[in-house]
Amino acid sequence: MKIASWNINGIKARHDVLIAWLKEASPDVVGLQEIKSVDENFPRSEIEALGYNLETHGQKGFNGVALLSKLPFDEVNRGLPLILENDEDEQARFIEGIISTPSGVVRIVSLYLPNGNPVGENPMESDKYSYKLRWMDRLHAWTQERLKLEEPLVLAGDYNVIPEAKDCHAPDAWWGDALYRPETLEKFQALKNIGLTEAFRASTDEPNVYTFWDYQAGAWPRNNGIRIDHMLLSCEAADRLNGVQIDKYVRDWEKPSDHVPILIELDV
């Protein structure tokens, strides 16, 4: 099973790019992030014509996630559960799909973790950064419960986290940004510590491999990128990991997203 994740940066703007890539790469399951569309306006027909079942959790103009699968969904859950009763979260950033395969169930999540910027002089008093950290706490709690099922679980998405210095072109310049600061890295590591494997780093230690290049300042031709799109796997999924690839070439297409797809292959 080939599973992909891609921050599409607007389905309407990137629809033709997505269709071309689906035809070329032919993944079995795709998690999309930042679709920037309400569910009823999502352009479904050409995607479904390629044989995909499609589920969305959209939001007008911002955020939004989707799952595409050549196999039918047994169950779909939208939204990351809240921890406290007085918590609120109207942002569409999380969708879970359960798929049956010949060797059992696979759970796949498409997630779009908050960016968290601007951090400001007092990070813990920043509304956007504190929201990012609370969201990561909620993801940690949700994942702990799902891991008890002892099933292959794939958390695929744009994490807005630079895990290590070798995952960005200018570590000193990025340090202190919401994507790359102590609190962010601590929570990302805590998520892995409960039993998740980061697929790309389980496959290679190669530095300077990126999934995002800004549209500004010639970032793409200069390869001034960052690696913020990740696949975190439960041990049951990690044991079946056959390979990881990043389709960097898509960034060179006409009207590209500022992210590129990351794909894994699981033996299911």
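These legends describe close-up views of a predicted model. Local features need pLDDT of at least 70 and side-chain atom pairs count only at pLDDT 80 or more, while totals for chains, interfaces and linings use all residues. Residues are numbered from 1 along each chain as its sequence is written, and side-chain values use heavy atoms, with hydrogens and water left out.

**View 1. Surroundings of asparagine 9 in the loop between strand E1 (2-7) and helix H1 (11-25).** Helices (H or I, at least four residues) and strands (E, at least two) are DSSP runs, numbered from the N terminus. Asparagine 9 has a relative accessible area of 9% and is therefore buried (buried means under 20% relative accessible area, exposed over 50%, partly exposed in between; 1.4 Å probe, protein chains only). The side chain of asparagine 9 makes a polar contact of 2.8 Å with the side chain of lysine 36 and another, of 3.1 Å, with the side chain of tyrosine 215. A polar contact is a pair of N or O atoms within 3.5 Å; within protein, one must be able to donate a hydrogen and the other to accept it, and residues adjacent in sequence count only if both atoms are side-chain atoms. With residues up to four places away in sequence not counted, asparagine 9 touches Arg14, Gln33, Glu34, Lys36, Tyr215, Ser257 and Asp258 (contact means heavy atoms within 4.5 Å).

**View 2. Glycine 58, glutamine 59 and asparagine 63 in the loop between E3 and E4.** This loop runs between strand E3 (53-57) and strand E4 (65-69). The side chains of glutamine 59 and asparagine 63 are joined by a polar contact of 3.1 Å. Asparagine 63 has a positive phi of about 50° although it is not a glycine, and it counts as buried because its relative accessibility is 9%. Apart from neighbours within four places in sequence, glutamine 59 is in contact with Lys36, Ser37, Val38, Gly64, Glu90, Gln91 and Ala92. With the same neighbours set aside, the contacts of glycine 58 are Ile35, Ser37, Val38, Asp39, Gly64 and Ala92. The C-alpha atoms of glycine 58 and glutamine 33 are 9.7 Å apart in space, with the two positions 25 residues apart in sequence numbering.

**View 3. The cis peptide bond from asparagine 117 to proline 118.** Omega of this bond is near 0°. Proline 118 belongs to the loop between strand E7 (104-112) and helix H3 (127-147).

**View 4. Glutamate 150 in the loop between H3 and strand E8 (153-158).** Glutamate 150 is not a glycine, yet has a positive phi of about 55°. Its relative accessibility is 60%, so glutamate 150 counts as exposed.

**View 5. The largest nonpolar core, of 30 residues.** A nonpolar core is a set of buried Ala, Val, Leu, Ile, Met, Phe, Trp, Tyr and Cys residues joined through side-chain atoms within 4.5 Å. The residues with the most contacts inside this core are Ile3, Ile108, Val154, Met231, Leu233, Ile264 and Leu266. At least two core residues come from each of E4, strand E6 (94-101), E7, E8, helix H6 (199-203), strand E12 (229-233), strand E13 (241-246) and strand E14 (262-266). Isoleucine 3, leaving aside its neighbours within four places in sequence, is in contact with Val29, Ile108, Val154, Met231, Ile262, Leu263, Ile264 and Leu266. Another core, of 23 residues, lies apart from this one and includes Leu139, Leu147, Leu153 and Phe188.

**View 6. The salt bridge between arginine 146 and glutamate 96.** A salt bridge is a side-chain nitrogen of Lys or Arg within 4 Å of a carboxyl oxygen of Asp or Glu, and the model has 14 by this rule. The closest N and O atoms of arginine 146 and glutamate 96 are 2.8 Å apart. Arginine 146 is in helix H3 and glutamate 96 in strand E6, and the pair links parts of the chain 50 residues apart. Arginine 146 is partly exposed, at 22% relative accessibility, whereas glutamate 96 is buried, at 0%.

**View 7. A network of salt bridges linking Glu164, Asp167, Glu198, Arg201 and Arg227.** Aspartate 167 and arginine 227 form a salt bridge of 2.9 Å, N to O. Aspartate 167 is in the loop between E8 and helix H4 (171-174) and arginine 227 in the loop between strand E11 (225-226) and E12, so this pair ties together parts 60 residues apart in sequence. Aspartate 167 is buried, with 0% relative accessibility, and arginine 227 is buried, also with 0%. Arginine 227 meets glutamate 198 in a salt bridge of 3.0 Å, N to O. Glutamate 198 is in strand E9 (residues 197-198), 29 residues from arginine 227 in the chain. Both arginine 227 and glutamate 198 are buried.
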